[in-house]
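Here are some exercises to work through with the model open in your viewer. Try each task before you read the solution.

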Amino acid sequence: SWSNFTSAAFAPGGVEISAAFSDDIATATPPTWSARRVVANTVQDGFAAQPYFAGNGSTNAYLVWRRFTSDFFGTGRNVGFSRSTDNGVTWSAPVNLTSAFFTSDEILGNDRRNTSPSLAVDNSRGPHSGSVYVAYANNNSNDGSDIFVQRSIDGGQTFSEPLAINSRPGADRAQWFPWVTVDTTTGRVHLFYYDQGIATAGDLTETTVQYSDDGGLSWSQPTPLTDRPFHAAYGNDRGQPNIGDYNQAVAQDGAVFAVWAGTPPVAFARARPAR
């Protein structure tokens with residue numbers, strides 16, 4: 001899935017949320033792909049489309065992406081969602097998963113951040129198999145943003161109300177760039193994100209992880225994923241500090257494998273970074 005930038009003749013906002021699939025990518029050279037399907041193309045539709053197949057014999061597939069409430073320069077955001085019941089051949093009319101929420105930008109040490117959602121499906125053999133999870137950052141509290149999760153237990157037909165899972169929603173500075181994944185063996189839901197709740201000011205940042213063993217109803221206490229925090233802007237003192245757009249994780253056999261962007265400790269000389 002991807003954002004197809006086009007003219008207003010095809011999409012009032014200049015973007016078509018598009019999807020295609022291949023059934024022979026592991027066996028054919030080159031692989032063959034289906035025709036492109038336009039899932040959404042309104043003025044609200046934007047970027048970061050992420051697909052996920054339900055697996056385990058299900059023909060369901062799901063798609064989330066970033067939506068605007070007016071246009072790219074507006075301050076409102078939403079999460080677009082569509083589902084397919086035929087393995088991606090056709091897609092349902094897109095819907096918003098929540099009411100409009102306020103965006104945030106330029107968190108100290110992380111300029112130009114986004115509100116892209118993350119999507120995962122429980123394709124384990126556990127009791128919550130088939131559940132769909134969507135995570136995103138919401139700044140309605142004006143504290144930088146909090147991490148919210150919604151889940152569906154009926155194949156994406158309906159979703160739960162948004163649940164804020166970080167330590168002190170609305171009162172703990174910024175949490176942002178969440179990524180959710182489900183252990184393919186145990187069904188444990190893992191979610192990690194950047195977190196500046198470690199300090200009352202400045203750009204000191206941690207990667208924080210939480211998990212749920214009851215299908216997203218309750219979550220563990222936030223725990224640092226790294227052995228030490230880092231200064232988000234180190235190494236970016238002469239330009240735009242940008243980290244984390246491509247954070248991702250997978251989980252299987254009781255282990256989580258996460259990748260994220262951080263900064264190394266930087267030596268100082270005459271009150272300036274050495275590099």
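**Exercise 1. Sort the residues that line the second largest pocket into nonpolar, polar and charged.**

Keep in mind that you're working on a predicted model.

Step 1. Start with the size of the list: 15 residues line this pocket.

Step 2. Sort them by type. You should get ten nonpolar residues, four polar ones and one charged one.

Step 3. Now look at the middle. A20, F21, S22, F53 and N87 are the lining residues nearest the pocket centre.

Step 4. Ask which elements give two or more residues to the lining. Those are β4 (50-53) and β5 (61-68).

Step 5. Finish with the volume: the second largest pocket holds about 240 Å³ of space.

**Exercise 2. Work out the strand order of the sheet that contains β1, β2 and β3, and find its edges.**

Step 1. Take the pairings one at a time. β1 and β2 (residues 15-19) are antiparallel and share four bridges. β2 and β3 also run antiparallel, this time with three bridges.

Step 2. Put the pairs together: the order is β1-β2-β3, in an open sheet with antiparallel pairing.

Step 3. Read off the edges. β1 (2-5) and β3 (37-40) each have a single partner strand, so each has one side without a neighbour in the sheet.

Step 4. Add the twist, which averages 50° from one strand to the next.

Step 5. Pin down the register with residue pairs. On the β1 side, F5 sits opposite V15 of β2, and W2 sits opposite S18 of β2. S18 also stands opposite V38 in β3.

**Exercise 3. Is β2 largely enclosed or not, and which way do its residues point?**

Step 1. Use the cut-off: buried means under 20% relative accessible area.

Step 2. Count. Five of the five residues of β2 are buried, so the strand is largely enclosed by the rest of the structure.

Step 3. Split them by direction. V15, I17 and A19 point one way, E16 and S18 point the other way, and all are buried.

Step 4. For contrast, move on to S34, in the loop between β2 and β3. S34 has a relative accessible area of 23%, so it counts as partly exposed.

Step 5. Try a distance check too: the C-alpha atoms of S34 and N4 are 16 Å apart, with the two positions 30 residues apart along the chain.

**Exercise 4. Find the residues with the most contacts inside the largest nonpolar core, and the strands that supply the core.**

Step 1. Recall the background: nonpolar side chains tend to be buried together in soluble globular proteins.

Step 2. Build the core. You should end up with 14 residues, and Y62, V79 and V134 have the most contacts inside it.

Step 3. Assign residues to strands. β5, β6 (76-84), β9 (118-121) and β10 (132-138) each give at least two residues to this core.

Step 4. Pick out the top contributor: β10 has the largest share, with three residues.

Step 5. Two of these strands are also paired. β9 and β10 run antiparallel over four bridges, and A120 stands opposite Y133 in β10.

Step 6. Extend the pairing to the whole sheet. The order is β9-β10-β11-β12, an open antiparallel sheet of four strands. β9 and β12 (163-164) are the edges with a single partner strand each, so one side of each lacks a neighbour in the sheet.

**Exercise 5. Which strands pair with β15, and how many bridges does each pairing have?**

Step 1. Go to β14 (residues 189-195). β14 and β15 are antiparallel over seven bridges, and H190 has Y211 of β15 as its bridge partner.

Step 2. Next comes β16 (residues 223-224), antiparallel to β15 with two bridges. Here V209 stands opposite T223.

Step 3. Then take β17 (residues 230-231), which also pairs with β15 in the antiparallel sense over two bridges. The bridge partner of L204 in β17 is H231.

Step 4. Close with burial. Seven of the nine residues of β15 (residues 204-212) are buried, so this strand is largely enclosed by the rest of the structure.

Terms used: Residues are numbered from 1 along each chain as its sequence is written. This is a predicted model: local features need pLDDT of at least 70, side-chain atom pairs count only at pLDDT 80 or more; totals for chains, interfaces and linings use all residues. Side-chain values use heavy atoms; hydrogens and water are left out. Two strands pair if DSSP finds at least two bridges between them. Axes are lines fitted to C-alpha atoms, for helices over the stretch in contact, and angles run from 0 to 180 degrees between N-to-C directions. On a 1 Å grid over the protein atoms alone, a cavity is a set of points where a 1.4 Å probe fits but cannot get out, and a pocket is an open set with protein on both sides within 12 Å along at least five of seven lines; lining residues have an atom within 4 Å of a point. Grid points are joined across faces, edges and corners, and a volume is the space filled by probe spheres set on the points. Ala, Val, Leu, Ile, Met, Phe, Trp, Tyr, Cys and Pro count as nonpolar, Asp, Glu, Lys and Arg as charged, and the others, Gly among them, as polar. A nonpolar core is a set of buried Ala, Val, Leu, Ile, Met, Phe, Trp, Tyr and Cys residues joined through side-chain atoms within 4.5 Å. Buried means under 20% relative accessible area, exposed over 50%, partly exposed in between (1.4 Å probe, protein chains only).
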